[in-house]
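Please read the briefing below alongside the sequence and the structure, which are shown here.

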Amino acid sequence: MAHEILIVDDEPDIRALIEGILSDEGYETRQAANSDQAIAAFRARRPSLVILDIWLQNSRLDGLGILAALHGEEPRVPCVMISGHGTIETAVQAIQNGAYDFIEKPFKSDRLLLVIARALEASRLQRENSELRLRAGAEAELVGVSAPVTQLRQAIDRVAPTGSRVLISGPAGSGKEVTARMLHARSRRSDGPFVALNCATLAPARFEEELFGVEAGADPSAQPRRAGVLERAHGGTLLLDEVADMPLETQGKIVRALQEQGFVRIGGAQRVTVDVRVIATTNRDLQAEIAGGRFREDLYYRLAVVPLKIPPLRERREDIPALARHFMARSGETSGMPPRDLSEDALAAMQAYEWPGNVRELRNLIDWLLIMAPGDAREPIRPDMLPPQVGASAPALLKLDRSSEIMTLPLREARELFERQYLEAQLLRFGGNISRTAAFVGMERSALHRKLKFLGVHAEDRAPAAAAGG
């Protein structure tokens with residue numbers, strides 16, 4: 001797709017000259033003669049780049065004013081300033097205000113094209129870096145304020161700087177890799193590499209090659225030396241993801257490598273010494289795997305110096321609104337679509353769902369809702385827009401067909417039905433926490449207990465689960 005460039009100059013001949021130069025190079029162009037036309041064209045369709053004259057006759061704003069207006073709306077679109085009356089001070093001021101570069105008139109076409117090519121490349125790299133930082137931010141931060149997540153963050157902050165090996169356990173999709181990345185980011189190795197090896201997806205025959213690498217053959221050009229993940233993670237962190245899937249024979253070799261901080265490449269003889277912190281994750285009960293002869297006990301104790309446990313999403317339901325809004329903002333950013341608001345009723349319905357796929361399932365649902373949910377993008381997402389498997393778990397209060405039942409009841413029974421459904425929904429939202437539910441609904445804790453008992457609502461005041469183990 002050709003880049004589109006907006007040319008802003010009060011002289012028609014200059015606009016035509018620049019348009020001819022750019023068209024010959026395959027660029028698409030639009031023109032504007034003053035600030036109002038320039039801003040209207042910019043708002044109608046974002047260009048890839050703006051060429052902007054500083055001195056404009058019969059214009060409400062000069063070039064620097066237009067630059068400020070455009071960058072106030074979209075700072076990532078590069079602007080190249082041009083002027084036949086330029087001074088060093090003007091050029092410096094333009095660049096300080098966010099312009100990519102400054103070119104004096106008359107200019108050579110080669111100079112103009114070179115600056116445009118560099119500006120477009122810089123814009124592309126900036127955009128890609130922003131997207132990578134966005135993805136990295138999501139992968140290296142736990143979202144939520146629930147007691148389990150708060151305790152987990154505290155445990156991460158304690159263990160991250162120590163360099164100890166950590167074993168992270170939890171169901172699939174619960175955030176084990178996120179936790180591993182947080183440990184790396186908060187460690188003294190944060191400037192080093194973070195290398196992940198997914199043991200669940202790797203063919204057993206390739207494990208040792210991936211771990212230890214392969215020595216060069218007799219003809220290095222035909223069989224070059226290939227570094228394994230232990231070597232690539234030198235000075236940083238190696239994540240052994242789903243370590244229970246590692247073959248027993250390889251488990252024995254990794255025990256020796258961890259003990260000696262060194263290994264020999266496949267087909268080689270020279271010992272390679274590495275300085276690597278190892279973090280492992282698993283969704284299985286490793287003690288049961290040890291009892292069944294499928295996991296080495298000595299490897300377990302080498303990996304589980306500090307064990308951390310990640311709770312499933314259903315045990316931290318109060319984090320679901322923050323997670324859902326976080327994923328909606330991220331999804332909108334990466335897809336280029338405007339994010340949609342999530343109604344409180346839709347969030348309550350999500351909190352009632354069991355989430356067998358945990359946080360990963362929630363993230364996928366939000367991506368789906370942004371693309372597929374009916375209605376205008378400015379309309380909040382309601383419970384009836386959720387997929388059937390999620391909406392079916394919604395509290396009865398949120399289901400539209402309940403109003404007819406209430407309308408057939410006497411006032412007292414209708415009030416009790418509403419109160420029962422309302423309090424059931426609020427208990428779900430706060431994970432069964434009586435104190436937080438009482439604070440939200442505006443009741444004393446003891447009064448809420450009495451009300452729940454009167455309405456026949458079973459409520460177990462759940463204590464927060466521990467995030468770390470000894």
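What follows is a short overview, and then notes grouped by topic.

This is a predicted model, in which local features need pLDDT of at least 70 and side-chain atom pairs count only at pLDDT 80 or more, while totals for chains, interfaces and linings use all residues. Residues are numbered from 1 along each chain as its sequence is written, and side-chain values use heavy atoms, with hydrogens and water left out. The protein chain holds 20 helices and twelve strands, where helices (H or I, at least four residues) and strands (E, at least two) are DSSP runs numbered from the N terminus. Of its 470 residues, 46% count as buried, a word that here stands for under 20% relative accessible area, against over 50% for exposed and partly exposed in between (1.4 Å probe, protein chains only). Among contacts (heavy atoms within 4.5 Å) between residues at least 6 apart in sequence, 70% join residues at least 24 apart.

**The annotated aspartate**

- The UniProt annotation "modified residue: 4-aspartylphosphate", from an unreviewed entry, covers Asp53; UniProt positions are given in the numbering used here, feature names are shortened, and annotations may be inferred rather than shown by experiment.
- Asp53 belongs to strand 3, which spans residues 49-53, and the residue counts as buried because its relative accessibility is 3%.
- When residues up to four places away in sequence are not counted, Asp53 touches Val8, Asp9, Asp10, Gly63, Ile82, Ser83 and Lys105.
- Lys105, which is among the residues touched by Asp53, is joined to Pro106 by a cis peptide bond with omega near -10°.
- Pro106 itself sits in the loop between strand 5 (101-104) and helix 5 (109-139).

**Helix 3 and its partner, helix 2**

- Leu67 is part of helix 3, residues 63-73, and it counts as buried because its relative accessibility is 0%.
- Leaving aside neighbours within four places in sequence, Leu67 is in contact with Leu52, Cys79, Met81, Ala94, Asn97, Gly98 and Ala99.
- Measuring from C-alpha to C-alpha in the model, Leu67 and Pro78 are 9.7 Å apart in space, and they are eleven residues apart in sequence.
- The axes of helix 2 (residues 35-44) and helix 3 come within 10 Å and cross at roughly 15°, where axes are lines fitted to C-alpha atoms, for helices over the stretch in contact, and angles run from 0 to 180 degrees between N-to-C directions.
- That angle makes helix 2 roughly parallel to helix 3, since angles under 35 degrees count as roughly parallel, over 145 as roughly antiparallel, 65 to 115 as roughly perpendicular and the rest as oblique.
- The crossing of helix 2 with helix 3 is right-handed, meaning that the near helix is turned clockwise from the far one by less than a right angle, whereas anticlockwise would be left-handed.
- On the helix 2 side, Ser35, Ala38, Ile39, Phe42 and Arg43 meet Ile66, Ala69, Leu70 and Glu73 of helix 3.
- The residues of this contact between helix 2 and helix 3 divide into six nonpolar, one polar and two charged, with Ala, Val, Leu, Ile, Met, Phe, Trp, Tyr, Cys and Pro counted as nonpolar, Asp, Glu, Lys and Arg as charged, and the others, Gly among them, as polar.

**Helices 13 and 14**

- Helix 13 (residues 320-335) and helix 14 (residues 344-352) have axes that come within 9 Å and cross at roughly 115°, which makes helix 13 roughly perpendicular to helix 14.
- The crossing of helix 13 and helix 14 is right-handed, and the contact is made by Ile320, Pro321, Ala324 and Arg325 of helix 13 together with Glu344, Leu347, Met350 and Gln351 of helix 14.
- Sorted by character, the residues of the contact of helix 13 with helix 14 are five nonpolar, one polar and two charged.

**Positive phi values and a buried glutamate**

- Trp355, in the loop between helix 14 and helix 15 (358-372), has a phi near 55°, a positive value in a residue other than glycine, and Trp355 is buried, with a relative accessible area of 0%.
- Glu242 is likewise not a glycine and has a positive phi of about 55°; Glu242 lies in the loop between strand 8 (237-241) and helix 10 (248-260) and counts as buried at 11% relative accessibility.
- Glu289, in helix 11 (residues 286-291), counts as buried at 9% relative accessibility.
- Apart from its neighbours within four places in sequence, Glu289 is in contact with Arg284, Arg294 and Phe295.
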